[in-house]
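Reader: I'm new to reading protein structures and would love some help. Could you take a close look at one part, the nonpolar core, and walk me through what is there?

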Amino acid sequence: MDLFEKLTILSDAAKYDASCSSSGSSRSNKGGMGNGHLSGICHSWSEDGRCISLLKILMTNRCVFDCEYCLNRRSNQVPRASFTPEEVVDLTLEFYRRNYIEGLFYLLVSILLLMKPVKG
Ligand code: SF4
């Protein structure tokens, strides 16, 4: 799976986080700037009132649990993907250099659930 496919899956899976309503939206401006649909760009506000763009993604949408309300539940038949830490860093820096984003909204909840218990 290439990086764009992962980005498509994991930005879409992050859009249900209630902290931001703009990521994964159907808003489009016909190819110009400000399209929040595919790449998971969400918006927040700085202390001085500026609107800032953030890349909002999940690290993974793989989960061992099956919470009824959740898109990422084990029994839901959706495409699954995971980023490596290096991929997240590269994506963030490339988007930042191109002036697409000013920061990263990174959701780690699911990956914590994948960790195996420590034997001891
Ligand atoms: S544990 Fe979290 S990610 Fe996993 S199914 Fe439940 S709500 Fe979704």
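Author: Happy to help; here is a walk from the overall fold to the core, and then to one residue in a loop. Please keep in mind that this is a predicted model.

Let's start with the overall layout. The protein has 3 helices and 3 strands, and along the sequence they come in the pattern α-β-β-α-β-α. Of its 120 residues, 27% count as buried. Among contacts with a separation of 6 or more, 54% join residues that are 24 or more positions apart.

Now to the part you asked about. In soluble globular proteins, nonpolar side chains tend to be buried together. Here the largest nonpolar core has 17 residues, and L10, L55 and L58 touch the most other members. Two or more residues each come from α1 (3-14), β1 (41-45), β2 (51-58) and α2. The largest share is that of α1, with 5 residues.

Take L10 as your guide. Leaving out residues up to four places away in sequence, L10 touches I57, L58, N61, A81 and F83. One of these partners, L58, is itself among the core residues that touch the most other members.

For contrast, look at N99, in the loop between α2 (85-97) and β3 (103-107). N99 is exposed, because just 9 other C-beta atoms lie within 10 Å, and the cut-off for exposed is 12 or fewer. Its backbone is worth a glance too. Most residues other than glycine have a negative phi. N99 is not a glycine, yet has a positive phi of about 70°.

Conventions. Residues are numbered from 1 along each chain as its sequence is written. This is a predicted model: local features need pLDDT of at least 70, side-chain atom pairs count only at pLDDT 80 or more; totals for chains, interfaces and linings use all residues. Helices (H or I, at least four residues) and strands (E, at least two) are DSSP runs, numbered from the N terminus. A residue is buried if 20 or more other C-beta atoms lie within 10 Å of its own, exposed if 12 or fewer, and partly exposed in between; C-beta atoms are placed from the backbone. A nonpolar core is a set of buried Ala, Val, Leu, Ile, Met, Phe, Trp, Tyr and Cys residues joined through C-beta atoms within 7 Å. Two residues are in contact if their C-beta atoms, placed from the backbone, lie within 7 Å.
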